[in-house]
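Biologist: I should be grateful for a close look at a single part of this model, namely the ligand site and the side chains that lead away from it. Please define each term as it arises.

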Amino acid sequence: MSDLGFRHRFVEGESGDGVTLLLLHGTGGDESDLIPLGQALAPGAALLSPRGRVLENGMPRFFRRLAEGVFDQEDLRIQTENLGQFIKNASGTYNLRADRIIAVGYSNGANIASSLLFTQPRLLAAAVLFRPMVPFVPSKMPDLKTLQMLIAAGNRDTIASRQETGRLVELFKSGGASVTTIWHDGGHELGQDDLGAAKHWMSQWLAML
Ligand code: MLT
């Protein structure tokens with residue numbers, strides 16, 4: 001089978017609810033990285049996990065950056081489009097329920113998930129973003145009233161600061177999204193508390209379907 005535009009892994013769903021987790025790794029990760037996280041968050045859900053197509057010193061990413069926290073906006077735009085096309089391709093190939101795809105992204109993967117939500121919001125039903133930043137400020141905010149999100153931030157994160165998290169939350173809320181924010185008492189790395197809170201949020205989201 002072709003790679004549908006991104007090298008990826010797909011794990012077929014067994015839960016019967018048609019939910020697919022789109023797993024988006026952080027800088028230096030790959031398509032296998034977040035599979036255990038996806039299995040823990042929503043046991044039995046289908047998992048679609050692409051590898052970012054950009055390399056930074058050999059480390060996969062979903063889009064280029066010019067420096068830490070300074071994003072190459074033209075590349076971000078192109079890669080976001082590519083990822084959107086991949087989701088559409090994969091939906092057809094794997095027979096996914098297009099209205100039940102939820103993004104689960106960490107760091108750079110969370111940032112491209114936000115970019116996707118700002119530009120093609122109908123591709124995702126919900127999002128769990130660990131340590132996200134503001135990828136860009138849309139000139140016109142899309143209607144995000146049906147979007148449910150969890151943002152998991154780190155109190156002492158020096159990459160995605162508290163202020164940056166606050167800006168992102170306000171942006172999503174200005175589009176009408178329902179945003180739950182949780183604060184991990186640490187930095188950019190994930191902790192058990194993140195996992196527990198995300199599992200709890202996910203079980204509530206699944207129960208609403
Ligand atoms: C990014 O480049 O997307 C953010 O700085 C997070 C990271 O990947 O380090």
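Modeller: The following account begins at the ligand and then turns to the aromatic rings. The model is predicted, so local features need pLDDT of at least 70 and side-chain atom pairs count only at pLDDT 80 or more, while totals for chains, interfaces and linings use all residues. Residues are numbered from 1 along each chain as its sequence is written, and side-chain values use heavy atoms, with hydrogens and water left out.

The residues around the ligand (a heavy atom within 4 Å of it) are Thr-27, Arg-61, Phe-63, Arg-65, Glu-68, Gly-69, Phe-71, Ser-107, Asn-108, Asn-111, Met-133 and Ile-159. Polar contacts here are pairs of N or O atoms within 3.5 Å; within protein, one atom must be able to donate a hydrogen and the other to accept it, and residues adjacent in sequence count only if both atoms are side-chain atoms. A polar side-chain atom of Thr-27 lies 2.5 Å from a ligand oxygen. For the side chain of Asn-108, the distance from an N or O atom to a ligand oxygen is 2.9 Å, and for that of Arg-65 it is 3.2 Å. Taken alone, the ligand exposes 260 Å², of which the protein buries 95%; these areas come from the Shrake-Rupley method with a 1.4 Å probe, and for residues only the protein chains shown count as cover.

Two of these neighbours, Arg-61 and Phe-63, also meet each other: the charged end of Arg-61 sits over the ring of Phe-63, 5.3 Å from its centre. This term requires NZ of Lys or CZ of Arg within 6 Å of the ring centre and within 35 degrees of the ring normal.

Phe-63 leads on to Asp-75, which touches Val-54, Phe-63 and Arg-64, not counting residues up to four places away in sequence; contact means heavy atoms within 4.5 Å. Asp-75 has 6% relative accessibility and therefore counts as buried (under 20% relative accessible area; exposed is over 50%, partly exposed in between, with a 1.4 Å probe and protein chains only). A polar atom of the Asp-75 side chain lies 2.6 Å from the backbone nitrogen of Arg-64.

Asp-75 is placed in helix H2 (helices are DSSP runs of H or I, at least four residues, and strands runs of E, at least two, numbered from the N terminus). Turning to the rings, those of Phe, Tyr and Trp (its six-membered ring) pair if their centres lie within 6.5 Å; planes under 30 degrees apart count as stacked, over 60 as edge-to-face and the rest as tilted. There are five aromatic pairs by this rule. The pair of Phe-6 and Phe-86 is tilted because the planes stand at 50 degrees, with ring centres 5.2 Å apart. Phe-6 belongs to the segment before strand S1 (8-11) and Phe-86 to helix H2 (residues 73-93), 80 residues apart. Both Phe-6 and Phe-86 are buried.
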